[in-house]
Structure formats: C-alpha cells, structure tokens
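Me: Please take a close look at the surface of this model and describe how it is built up. I would like one connected account, with the cut-offs behind each term.

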Amino acid sequence: MSNSLPSPQRAHEALRNAGRRGTSIVFAVMITVLLVALIFAANENQIIGWILVVIAGGWLLLATIVVLAFSRSAKKFGQAVDSARADVAAIRSPSSGGTTVIDEDTHTRHLKLDHSFKIVQVQTRVIQQELGKGAETDTEMVDRALETLEITAHNGRDMLAEHVGRRKRKPGNDDDADGETIEGDVVR
C-alpha cells in the first residue's frame, strides 16, 4: 500500500507551490481589477473611474511590496533555520565531542604545573639579573633561586610521576626529601 506520508522535501515543495499558485491568482485578480477600472475610466472619462484606477493601482503596488518583502524574509528565515539545524547537528554528532567531561584532578594538576613553570621563569629572571651585575652579584640570592628551581622541578616531576610511568622516589634513591613534596622559600 502506498498510503504513506510524503517525504519532508515533497511536502515542503507542495506547500511552496500552493503558496505560489495562491499568490499568482491574487495578482491576476488585482491586475484584472486594475485593467477593468482603467478601461471604464478611459471610456466614461469620469473622475470616479480614475479614482478607482488609482486605488486599484495602489493596492497592486502594495501587494507587490508585501509579497517581495515576505519572500525575502522567508528566505532569510529559512537560511537561519538551516544554520541552526546544522549547528545542532554539529553539537550532537559524536565526532565533535558534544559532551566534555572535565577531570578535576587533571585540571588541578595542570594549574599546579602552570604555576611551577611560572616559578621557573621568575627564578631564571632573578638569576639572569644577578649574574648581569658582574662583580656585585649576590651569590646567596642566586643559590636560593637555584634551590627554588630544584624544589619546583622535583615537585613537578612528582606530580607527573604516575602519568609518565615512573614511581615517586623512595627513601634512599635520591637526596630529594624521600619522595615527598619539598617546601621552601620562593625568591622573587
């Protein structure tokens, strides 16, 4: 049995064609009224006939403007709907990763690592400034900055240890405070 519903494209085309037919019929009637009014006005040469010609012409002009404006706005609306559908389809598609799960531990680790890299940048600048002084270099400040760099590197590596396949240091493996987080003063 072929009593199934038409496809959405066919239904859309049928609706569009019906609208065009209706608009064409209305325009044909309005043009006919204008022509009849024009013929009567020319034959009778009466003022009332010419007033009817002006009124019919005005209505025809108004109808033309309305149809053109409606047609343009319908096209723009259709483009906006198509764009919105495409956006929704892109969001819902599995390849776009529509839903993102944020791992709090990973986010926190990234923030800590970012902070560690900032510390390294600051301490590098401190060392460069002190070494740039030449004979007036404050060796204690350079030593503290190097110690801060060592502490920061140790802590950063420990944050990444399980993710790169390395265990945290055990006591006796290194002189890095038995694999625990090292604390110290940050020199700025």
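Reply: D143 has a relative accessible area of 48% and therefore counts as partly exposed, the class between buried (under 20%) and exposed (over 50%), assessed with a 1.4 Å probe and protein chains only. The areas come from the Shrake-Rupley method, in which only the protein chains shown count as cover for residues. D143 is located in helix 4; helices are DSSP runs of H or I with at least four residues, strands are runs of E with at least two, and both are numbered from the N terminus.

The coordinates come from a predicted model, in which local features need pLDDT of at least 70 and side-chain atom pairs count only at pLDDT 80 or more, whereas totals for chains, interfaces and linings use all residues. Residues are numbered from 1 along each chain as its sequence is written, and side-chain values use heavy atoms, with hydrogens and water left out.

D143 belongs to a surface patch of negative charge, which it forms with D138, E140, E147 and D185. Patch members have over 30% relative accessible area and no salt bridge; like charges are joined within 9 Å, and nonpolar side chains (Val, Leu, Ile, Met, Phe, Trp, Tyr) within 5 Å. Asp and Glu count as negative and Lys and Arg as positive, with His and the chain ends not counted. Each charge is placed at CG of Asp, CD of Glu, NZ of Lys or CZ of Arg.

The surface also carries a patch of positive charge, made up of R20, R72, K75 and K76. Helix 2, which spans residues 47-92, supplies the largest share of this patch, with 3 residues. R72 is part of helix 2, and it is classed as exposed because its relative accessibility is 60%.

A nonpolar patch is present on the surface as well. Its members are I47, I48, I51, L52, I55, W59, L62 and V66, and together they have about 830 Å² of accessible area. I48, one of these residues, sits in helix 2 and is exposed, since its relative accessibility is 54%. V54 is likewise placed in helix 2; with a relative accessible area of 60%, V54 is exposed.

Several C-alpha distances link this stretch to residues earlier in the sequence. V54 and L38 are separated by 16 residues in sequence and by 9.0 Å in space, C-alpha to C-alpha. For L35 and V53 the separation is 18 residues in sequence and 8.1 Å between C-alpha atoms. L35 belongs to helix 1 and is partly exposed, as its relative accessibility of 46% shows. V33 and L52 lie 19 residues apart in sequence, with 9.3 Å from C-alpha to C-alpha. V33 is also a residue of helix 1, and a relative accessibility of 45% makes V33 partly exposed.

A salt bridge requires a side-chain nitrogen of Lys or Arg within 4 Å of a carboxyl oxygen of Asp or Glu. A search of the whole structure returns 1 such pair: E130 with K133, whose closest N and O atoms are 3.0 Å apart. E130 is buried, because its relative accessible area is 5%, while K133, at 44%, is partly exposed.

As for the fold behind this surface, the protein has 4 helices and 0 strands, which gives the pattern α-α-α-α along the sequence. Of its 188 residues, 19% are buried.

Confidence is expressed as pLDDT, the predictor's confidence in each residue on a scale from 0 to 100. The protein has a mean pLDDT of 77, and 79% of its residues reach 70 or more. Confidence is lowest in helix 1 (residues 8-44), with a mean of 77, and highest in helix 4 (residues 139-160), with 87. Where pLDDT is low, the predicted coordinates should not be interpreted in detail.

Terms used. Accessible areas come from the Shrake-Rupley method with a 1.4 Å probe; for residues, only the protein chains shown count as cover.
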